[in-house]
Amino acid sequence: MTTPMDKHVLLRDEDVQDIRELAVYQANEGYAGWKKAVTSMKGEEVIGVVKDSGLRGRGGAGFPAGLKWSFIPKDINPKYVTVNCDESEPGTFKDHQLIRNNPHQVIEGTALCCYAIGAHVAYIYCRGEFKEPVQNLQKAIDDAYAAGLLGKNLFGTDYSLDVYVHLGAGAYICGEESALIESLEGKIGQPRLKPPFPAVSGLYNKPTVINNVETLANVPGIVLNGSAWYRQWGTEKSPGVKIFSVSGHVKKPDNYELPLGKYSIQDLLEMAGGSSTGLPIKAVLPAGSSSPIIPAVNFHAKLDYESMGTIGSVLGSCSWIFMDESVDMVWAARKMIRFFKHESCGKCTPCREGTHWALKLYDKMLSGEATMADVDMITTVNKQISGKCFCPLGEFSTSSMTFTLKHFRKDYEDFIAQGKGGSAAYRRELERDHHMHELHGQAKAHS
Amino acid sequence: MADLVNVTIDGVAVAVPKGTLVVDAAKKLGNDIPVFCYHPKLKPVGMCRMCLVDVGTPKVDPATKQVVKDDAGNVVIAWMPKLTTGCTTPVSEGMAVRTATQQVKDAREDVLEFLLTSHPLDCPVCDKGGECPLQNLTLAHGPGQSRFDYEAKQHNDKHVPLGDLIFLDRERCIQCARCIRFQDDIADDHVLQFFERGRHMEIMTLSEPGFDSYFSGNTTDICPVGALTSADFRFKARPWELDAAQSVCNHCPVGCNTTLNTRLETKTGGREIKRVMPRQNEQVNEIWLCDKGRFVHHYTRADDKLTQPMVRRDGKLVEATWDQAFGVIAERVRAAESVAGVIGDRIANEDAFAVARAVRSTGKGSVSMSPAISAAYADIVRACGVGAATDLKQIGKGDVILVVNADVEEQAPVWFLRLRQAAVDRGAKLVVAHHRSTKMHRYAAQIMRYEIGGIDAWVADSAKLLPDLTAARNVLIAFGDEKLDAPAARSLAQHLANLLIDSGHAGKANSGLLAMYPHGNTQGVFDVTAPMPAVAEAGVVWAVGVGDRADLPQASFLVVQDVVMTELASQADVVLPASSFAERDGSYTSGDRRVQRFYRALPAAGQARPDWWIAQEVARKLGAEWRYEGAGQIFADIVTQIPGYASLSYEALAKGEEQWPPMGRGDLYYGGTVYDNEGGLGVRYVAEAEVGTVVRYEVGAPIAALSGLERPERMLYQDGELIRRSHVMASHVVKPAVA
């Protein structure tokens, strides 16, 4: 099966060569929606059309974008728009492609959001590792300024807008909106207590919209062509198109832009060329390490927010990591726990201490010293973290344990019964991780 | 009251003000929800997850918007799917809270077990052991045993100096951020921050020199574990070995309530102050204390503490008996034409009263105060100072705080904290007038700047503030005498009093003057001695508690009565050893006219005696017949003789009332001050403007443009005979500089 979108809405760089250049983007309806909005629409009208389109946030939570914008109080100024390009979920690489290859569409969507809520400043917060693709984004912003698409008195009106790019320092938690705001303000990246929500008190304690890059990239088309145009794709509750970052044991790992609700997980797998190893696919993580793992038996589910719920998982940020039969779920769960332990910001106790303890237990599994009592202890510690954390990071960390235990408990039992722990490969892995830890300690001592 | 909200906690109904947090509402019922990151004096953050409880609200039918009731007519509660942090959840009408369910108990045990996986459990050698919230809450709610069976506990640095006053034990830290939040939200010194993340997260200082704040000691009180300790107290004693005496700090006009922890020292054979802690008085210092008040106490056991009378023989001071010393003094007084008593403003009311009485009973004595300048305007503060019912917590929106020629953080640190909160957290309008920048300027809605020596210009300009002051609900005026001489300072005080009178705020609660007096009993010494300007010279000068101050009359015979061997004392003809404040009872009158008692913590050092005893014995040697048996008896005389003090009594000063939120011994899980306030809250006497008619002052001498410029700006840690004797403060002492 080949890519079903003959004309992309988001990944337009796959249809139009050099669309990253301003002239090419403009020749392909670029900034037409922007001009239309600033010269002929009110902010509320922009919010209205986005609301009608049913566009939902693409960062993971799926919150309706237009509704979010409508929460911004009118009488408090200044307001801000903050674009979440921290893209840190393992297996996610869609925003990367957008800012690298189709940056003007991101800028236009950002600008439209600003205009809609009456903000005059936007910050695009990119993860620090995006230093190189951000050059494309910055050039696009510079070109937009030079062309009078950003800056003062746009299109002869009294509306002005500045857009800035800010590079983070490499923390997963800064993808959480309030931690992102803290980081943007120059503080340590830790989530804020909610309420108040950013819509009321966000950046510099002012009303702030935070949207994902992909969410905003949808907006230019919606404003230019109307909500009905956007609703030609997707379902009633999951309208539009979505980018699926596919990786793992597939032949063609890539970003795939699909209408929501039309295709199944199995279809997606086939689009990506199927298993790259020849071994059957065992399971998939639909939204990186934060998501409940989906065993192959549920691959019939359709790719939309509602259907994913019915099989006990989530659509999330759509970072689909396929794993074949060779993957031991104990090993996979440890990988994920190690990630969360490393990325835990440390603000709340269960996440800070719990992920550490859980990793200790998984290390024990890999080292070959564990018994079934340790598997039970994993279950216990998992429960002990669950439901008590300050922010979703800690809660997400439990997914890897909860759902590998739920769907693949046999892997754990076999791991113990067959004495898989302590193998040369696992020992090497533990040593390497330990070494990394030491290096980290040395780097800290020198800092 | 319309603002009350009804909640049910474990089936018990309580009505609390709107906005109250669940933990505080439960506290009202005596239900102690365990907390670590939450502290009633700090904004909630919900980090530690210890206070998880089950919260529900009345179920509402979405169709009818009506509260759903069951068959029996009871409101159906919709419980939240997950446990909720009680420290971040404000109560709402009809809310129900469950704190004793198995789920809640498990959650507490779970969180504690997690916390203890990285805590060293070195309680037996920890300074906090015995008064540690983590220890107490673990015993109350924790698992008896840990299932974390790894040897690899965290092993981090245990002696990290954040500054030279505060040390951090990185192992013990539970990352609650109370210290960071205190520094950010209360002290406004952003000198602490987290570094790294996750389990590596640790406290670091951002300032150079480290932990650069006048309030750093407070973080050791509110730290819920033994992670932060002071250079002064760490490894010095176990909390249960300490005796506690209730005292009052006398180093600035605030009059912070303190607890002096003492212990018998076998090495030195005496009892020593091991620690000074704030004592909760919500009217005065809440639970805070500045570092000077906390760490300056070492002079009470200085090597050169005076313990024996001395008289000068053959040019040298030699030890003498009390009787010999009194004999020499009496002889010289009889021979002299005049006697000048100079009374320092840090000694107790009872001392000052007795000294003045002794000096005057010679029949040729005059009494003055040192430093003299405050005496030039203390009568105006007595008349137009803050109203007796003033509560700084009530100052907020609609009020104006005018700060004139004062650096509040340097001169009255805890007033700085409280005035800042009034402006920043509660919205009082702050107007700052000064010739230089102060920390208060950060929060000023209006800054009025004048040249050094140019306060006249501001006085002329200040008329334009009148409409604002008149419109304000309350007007507080904090002022100081920096760079002014006595007549100029008096003129400024008169002018400020007139602003209060003209704007209709004189003699009102929550309005009035706040003077940045130099020490803790300036107002009291002024009140009970009725001093006159110092004479130019006298036959005998008797300087009591004046330290190293040089503003003395010329003397042919100098008697110095003090606590330590000051420069001045070393030049005296007779040196009389006075007890430090810690060795006796007494009372002080703070800069806002609150009279407060302090109590004896240490036995007399050697032959040292209270100033009042020494004074009366000198008087008796000269033939006087009066005699006091104790400070209380003197206070009884003060009450009958000193205007304004008539309504006071030692009993009234010693009265306490419940301090909310409670943080003392009985509730040792919030952390903060450790001891309950049993020494009394003191009583603020009534300002004259509150009872009599108020007459505008005829402003006397113009505030001469160039007078008093040589006077140094007064800084908290400026060099002096007491701070110099505190080794922990050594690196902080600043020499006075004339700008």
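Let's start inside chain A, where two residue pairs, both at pLDDT 80 or more, are in polar contact between domain 2 of chain A and domain 3 of chain A. On the domain 2 side of this meeting place, strand β7 of chain A, residues 281–289, gives the most, with four residues. Sorted by class, that side of domain 2 of chain A has six nonpolar, four polar and one charged residues. Keep in mind as you look around that this is a predicted model.

It helps to step back and see how chain A is laid out. Domain 1 of chain A covers 12–230, domain 2 covers 241–324 and domain 3 covers 329–446. The C-alpha centres of domains 2 and 3 of chain A are 24 Å apart. Where these two domains touch, 11 residues of domain 2 of chain A are in contact with 12 residues of domain 3 of chain A. Together they bury about 980 Å², and carbon and sulfur atoms account for 74% of that area. A small set of residues does much of the work on the domain 2 side: K282(A), S289(A) and I293(A) supply 50% of the area that domain 2 of chain A buries against domain 3 of chain A, more than any other three residues.

K282(A) deserves a second look. The rule finds one salt bridge across the interface of domains 2 and 3 of chain A. K282(A) forms a salt bridge with D411(A), and their closest N and O atoms are 2.6 Å apart.

Now let's move on to the meeting of the two chains. The size of an interface is often given as the accessible area lost when the parts come together. For chain A and chain B, the buried area is about 3,100 Å², with 57% of it from carbon and sulfur atoms. The contact draws 37 residues from chain A and 35 residues from chain B. As for the model as a whole, its scores are ipTM 0.94 and pTM 0.95.

The polar side of the contact between the chains is worth exploring too. Four salt bridges are found by the rule across the interface of chain A and chain B. K82(B), for example, forms a salt bridge with E395(A), with the closest N and O atoms 3.8 Å apart. The rule also finds 19 residue pairs in polar contact across this interface, both residues of each pair being at pLDDT 80 or more.

Which helices of chain A should you follow here? α14 (329–343), α15 (349–367), α16 (372–385) and α18 (424–446) of chain A each supply at least two residues of the side that touches chain B. The largest share comes from α15(A), which gives 10 residues to that side. By class, the side of chain A that touches chain B is made up of 13 nonpolar, 14 polar and 10 charged residues.

Turning to chain B itself, we find a division into domain 1 (4–100), domain 2 (124–301) and domain 3 (378–520 + 691–710). Taken over C-alpha atoms, the centres of domain 1 of chain B and domain 3 of chain B are separated by 43 Å. Chain B has an average pLDDT of 94, and 98% of its residues score at least 70.

Finally, a few details of the backbone are worth a stop. Most residues other than glycine have a negative phi, and most peptide bonds are trans. In chain A, the peptide bond from N77(A) to P78(A) is cis, with omega near -5°. You will find P78(A) in the loop between α4 (65–70) and β1 (80–85) of chain A. K194(A) and P195(A) are also joined by a cis peptide bond, with omega about -10°. P195(A) sits in the loop between α8 (177–184) and β4 (208–212) of chain A. In chain B, look for D314(B), which is not a glycine yet has a positive phi of about 50°. D314(B) lies in the loop between β15 (310–313) and β16 (316–319) of chain B.

Definitions and conventions
Residues are numbered from 1 along each chain as its sequence is written. Chains are lettered from A and ligands numbered from 1 in the order in which they are written. This is a predicted model: local features need pLDDT of at least 70, side-chain atom pairs count only at pLDDT 80 or more; totals for chains, interfaces and linings use all residues. Side-chain values use heavy atoms; hydrogens and water are left out. Domain bounds come from an automatic or database domain assignment. Contact means heavy atoms within 4.5 Å. Buried area is the accessible area (1.4 Å probe) that two parts lose on being put together, summed over both. A salt bridge is a side-chain nitrogen of Lys or Arg within 4 Å of a carboxyl oxygen of Asp or Glu. A polar contact is a pair of N or O atoms within 3.5 Å; within protein, one must be able to donate a hydrogen and the other to accept it, and residues adjacent in sequence count only if both atoms are side-chain atoms. Ala, Val, Leu, Ile, Met, Phe, Trp, Tyr, Cys and Pro count as nonpolar, Asp, Glu, Lys and Arg as charged, and the others, Gly among them, as polar. pLDDT is the predictor's confidence in each residue, from 0 to 100.
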